[in-house]
Amino acid sequence: MRILKEKWAYAPPLWVGILSLAPFFGGMSILGTLMPFFVDDVLQQPKTLVGIGFTAQNAASTLGLFVTGALSDMIGLRRTIFIVSIGNVLLLNLLGLARSPVTLVILQSLFGFCTTYALALTWVTRLVPGPKLAR
């Protein structure tokens with residue numbers, strides 16, 4: 001590992017970046033593909049619920065970006081990625097157990113709150129040398 005000259009002692013390893021990106025893209029692709037079928041076949045609700053759920057998820061992820069970033073500053077990037085990834089996996093599995101529209105929207109909001117995308121961006125910025133970062 002190379003030593004950074006900024007406030008971080010070591011550059012995060014590659015697995016940190018992969019672990020932070022995989023749940024984000026995996027979860028979004030699973031939800032984006034299966035949610036319309038789930039809403040129609042299991043919940044027997046209009047497909048507008050898919051849009052409502054994704055809107056709630058993206059609104060919560062906007063707030064989640066700030067919270068996970070602050071948590072990363074407090075306890076470290078690796079610990080935060082681990083905690084958020086576990087929450088991400090648990091909530092993705094709980095989404096399949098939802099049997100009401102309200103439960104689905106609440107779980108999707110919580111799922112959006114456990115976004116790992118900001119952590120992936122943090123990982124990238126910690127690898128880039130300071131002078132090359134956009135100011």
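This is a short talk about the helices, the surface and a few single residues of one protein chain.

Good morning, everyone. Before we look at any detail, please keep in mind that what you see is a predicted model, and that the values I mention have been computed from it.

Let me begin with the chain as a whole. The chain contains five helices and zero strands, and if you follow it from the N terminus, its elements run α-α-α-α-α. Of the 135 residues in the chain, 38% are buried. If we take the contacts with a separation of 6 or more, 73% of them are between residues that stand 24 or more positions apart. As for the outside, the accessible surface of the chain is about 8000 Å², and carbon and sulfur atoms account for 72% of that surface.

Now let us turn to helix 3, which covers residues 77-95 and has 19 residues. From its first C-alpha to its last, helix 3 reaches 26 Å, which is close to the 27 Å expected at 1.5 Å a residue. Which residues of helix 3 are buried? They are Leu77, Thr80, Ile81, Val84, Ser85, Gly87, Asn88, Leu91 and Leu95. When we look down the axis of helix 3, these buried residues fall within an arc of 170°, and so they line one face of the helix. On the other side of helix 3 we find Arg79, Phe82, Leu90 and Asn93, which are exposed.

Leu90 deserves a moment of its own. This residue lies in helix 3, and Leu90 counts as exposed because its relative accessibility is 53%, where the cut-off for exposed is over 50%. Leu90 also belongs to a nonpolar patch on the surface, which is formed by Met74, Ile75, Phe82, Ile83, Ile86 and Leu90 and has about 600 Å² of accessible area together. Helix 2, residues 48-75, and helix 3 are the elements that give two or more residues to this patch, and helix 3 gives the most, with four residues.

Helix 4 can be read in a similar manner. Helix 4, residues 101-113, has 13 residues, and its reach of 18 Å from first C-alpha to last is close to the 18 Å expected at 1.5 Å a residue. Its buried residues are Leu104, Val105, Leu107, Gln108, Phe111 and Gly112. Why are they on the same side of helix 4? Because they cover an arc of only 165° around the axis, which puts them there together.

Let me go back to helix 2, since Val50 has its place there. Is Val50 buried or exposed? Val50 is buried, because its relative accessible area is 11%, and buried means under 20%. Leaving aside residues up to four places away in sequence, Val50 touches Met35, Pro36 and Val39. Val50 and Leu31, for their part, are 19 residues apart in sequence, while their C-alpha atoms are 9.5 Å apart in space.

Finally, a word on charged side chains. The count of salt bridges comes to one, and in it the side chains of Asp40 and Lys47 meet at 4.0 Å, N to O. Asp40 is partly exposed, with a relative accessible area of 36%.

If you would like to practise afterwards, try to find the buried face of helix 3 in the structure, and then look on the other side for Phe82 and Leu90, which are among the exposed residues there. Thank you for listening.

Notes:
Residues are numbered from 1 along each chain as its sequence is written. This is a predicted model: local features need pLDDT of at least 70, side-chain atom pairs count only at pLDDT 80 or more; totals for chains, interfaces and linings use all residues. Side-chain values use heavy atoms; hydrogens and water are left out. The expected span of a helix is 1.5 Å times one less than its number of residues. Buried means under 20% relative accessible area, exposed over 50%, partly exposed in between (1.4 Å probe, protein chains only). The arc is that of the directions from the helix axis to the C-beta atoms. Contact means heavy atoms within 4.5 Å. Accessible areas come from the Shrake-Rupley method with a 1.4 Å probe; for residues, only the protein chains shown count as cover. Patches are made of residues with over 30% relative accessible area and no salt bridge: like charges are joined within 9 Å, nonpolar side chains (Val, Leu, Ile, Met, Phe, Trp, Tyr) within 5 Å.
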